[in-house]
Amino acid sequence: MRLRGYLPELLVFAVAVMTRALVVARSAGFDASYGYDQSVYYAASASLLHGRTPYADFTLLHPPVVMLALLPAALLGHWTSDHIGYVVGNVSFGVIGALDAVLVVLIARRLGLRRSAALAGGLLYAVWFTAAGAEYSARLEPLGNFFLLLGLLLLVSTLDRPRAGRLLLTAGALLGVAASVKIWFVVPLAVAVGWLLAAPGRRARAAHVAAGALAAGVLIDVPFLIASRGEMWTMVVSAQLGRDTAGRPVGLRLADLTTGAWPPPDTAPAVVIGAAAATALLIALLVLAWRVRPARLVVIMAVAAVGTLLLAPAWFQQYPDFAAGPVAVCAAAAATALPARLRLAQWVPVLGAGTVTLAVLVAGDFPATRAWGPDRLAAAAQQARCVTSDTPAGLIALDVLDEDLGHGCPEPVDVLGRSLLTEVDGKRVSYTDNPQWQRDVAVYLRSGDLAYPYVLGRPLSPRTLAALRRGGIVARYRDASGRRFTLYRVDH
């Protein structure tokens, strides 16, 4: 009987897991290269496991929680292989994304929304490619959403309680942990504190939430800030604020947010019409949700999240997932606001999102996992003491990351990210136009016995590549798509 009471949550979890599994399966499969950022987070965890200090001993451009969350996977990789640890770490984030969908249902039900409306909100999150396309692997957004939604669940649970100091402190701490995953999550934290400050007689509650968030920040971030002698601030705050401001046009950002990653070109009629219709639907959901008084805090969070996405200097395909949680809860609130004769309309967002996701999966033309490619090079790499690469994914592909760290080999972790720490004439420039970054990378790549430019040499200048070629080629491999992978001997 108790299990039947949680059927909506169980259904949403199953659908969310299946959707995220299909994203991976439709691309290159589970045992594949999930992407550059994911390899950076995993390598950061492995480096920490080997006693190296983040921000001081290696580059990490984000707060430390994602690194800490992947420590169990890195430990598994240490006991088994880099491949196993890396795949398990990425798959676990898909499960976290499914739990996010469940939290949407729980928040909606705690707000007093109808059960079917809560189910509609959870299913929207489960099948929406904006969420699923970002949550198939180890990214910041699904982890940040988890702590945000968990904190929001506790926060809305206190609204009808006269005394809830401990819950408010815990809710604030969880929102603070989210901000220690990605600094963007300071925005919903600020909204929560501001909402409570604006409500008559709730200033003490706002103080509890702020105190919890501050305590979480002090416990998580300050030790790394001190250990890195301030370098953490430079990488996490200064470098991020100075990123490229060109970004992506607002119209295309709305398309990414509402319809998710659609096959190119972005200007195709189906994309334009679909994005316009989905944006109109998003606005309608927010307007309807505002009519449900208990959900107004979440509506403001959703608007603030969308505003952050539209104003952010840089843009990557996974960014819209930042708004997915609050928007999905708003969809549940909007469904509750519908009159009885229009209740079937609550499933329109779910059907629309599911149709888009199905189309994307059928087309199969979206950024997701890629085949490793260099399996035949791994045997040659095993004979070397230290192997270097322009991405940790290259070292994971060769299964030498943990072994190199154990040997004390240098590992900057975020090789490409180091370009944000150097400027040319006071400006951020491309990799090939950044001589300081090219020199630093060349020194690193030539510090080992073998060098493996896994990013296919695109960021490396002809001079840097020429320096690698002087040592000669140890092994070369071309996969079925024509991509070439070359392992170079380092000429000391």
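**Figure 1. Helices H14 and H3 mark the two ends of the confidence range in this predicted model.** Among the elements of the protein chain, helix H14, which covers residues 250–259, has the lowest mean pLDDT, at 80, while helix H3, which covers residues 65–69, has the highest, at 98. For the protein chain taken as a whole, the pLDDT averages 88, and 92% of the residues score at least 70. Where in H14 do the buried residues lie? They are Arg253, Leu254, Ala255, Asp256, Leu257, Thr258 and Thr259. Because seven of the ten residues of H14 are buried, this helix is largely enclosed by the rest of the structure.

**Figure 2. Tyr55 has a positive phi in the loop that lies between helices H2 and H3.** Most residues other than glycine have a negative phi. Tyr55, although it is not a glycine, has a positive phi of about 75°, and its place is in the loop between helix H2 (36–49) and H3. With a relative accessible area of 1%, Tyr55 is buried, since the cut-off for that class is under 20%.

**Figure 3. Arg229 also has a positive phi, and this residue is exposed.** The phi of Arg229 is about 55°, again in a residue that is not a glycine. Arg229 lies in the loop that runs between helix H12 (222–227) and helix H13 (231–241). Is the residue buried or exposed? Arg229 counts as exposed, because its relative accessibility is 80% and the cut-off for that class is over 50%.

**Figure 4. Arg205 of helix H11 is in contact with Arg163 and with several other residues.** Arg205 is found in helix H11, which spans residues 203–220, and is buried, with a relative accessible area of 13%. Which residues does Arg205 contact, if its neighbours within four places in sequence are left aside? They are Thr158, Leu159, Arg161, Pro162, Arg163, Leu168 and Leu196. The C-alpha atoms of Arg205 and Arg163 are separated by 9.3 Å, although the two residues are 42 residues apart along the chain.

**Figure 5. Arg163 is an exposed residue in the loop between helices H8 and H9.** This loop joins the view of Arg205 to that of its contact partner, for Arg163 is found between helix H8 (140–157) and helix H9 (165–179). Arg163 has a relative accessible area of 79% and is exposed, whereas Arg205, which it contacts, is buried. The C-alpha atoms of Arg163 and Val24 are separated by 45 Å, and these two residues are 139 residues apart along the chain.

**Figure 6. The whole protein chain gives the setting for the close-up views and has 23 helices and four strands.** The C-alpha atoms of the chain fill a box of roughly 75 × 50 × 50 Å, taken along the principal axes. With 492 residues, a compact globule would have a radius of gyration near 23 Å, and the 23 Å of the protein chain agrees with this. Of these residues, 56% count as buried, and among contacts between residues at least 6 apart in sequence, 74% join residues at least 24 apart. The accessible surface comes to about 20,700 Å², of which 63% belongs to carbon and sulfur atoms. The protein chain has 43 positive and 31 negative side chains, and the centres of the two sets lie 11 Å apart.

Note on methods:
Residues numbered from 1 in each chain as written. Heavy atoms only, no water. Rg over C-alpha atoms; globule rule 2.2 N^0.38 Å. Buried < 20%, exposed > 50% of the residue type's maximum accessible area, 1.4 Å probe, protein only. Contact = heavy atoms within 4.5 Å. Areas by Shrake-Rupley, 256 points an atom, 1.4 Å probe, with all protein chains shown as cover. Lys, Arg positive; Asp, Glu negative; His and termini not counted. Charge placed at Lys NZ, Arg CZ, Asp CG, Glu CD. pLDDT = per-residue confidence, 0-100.
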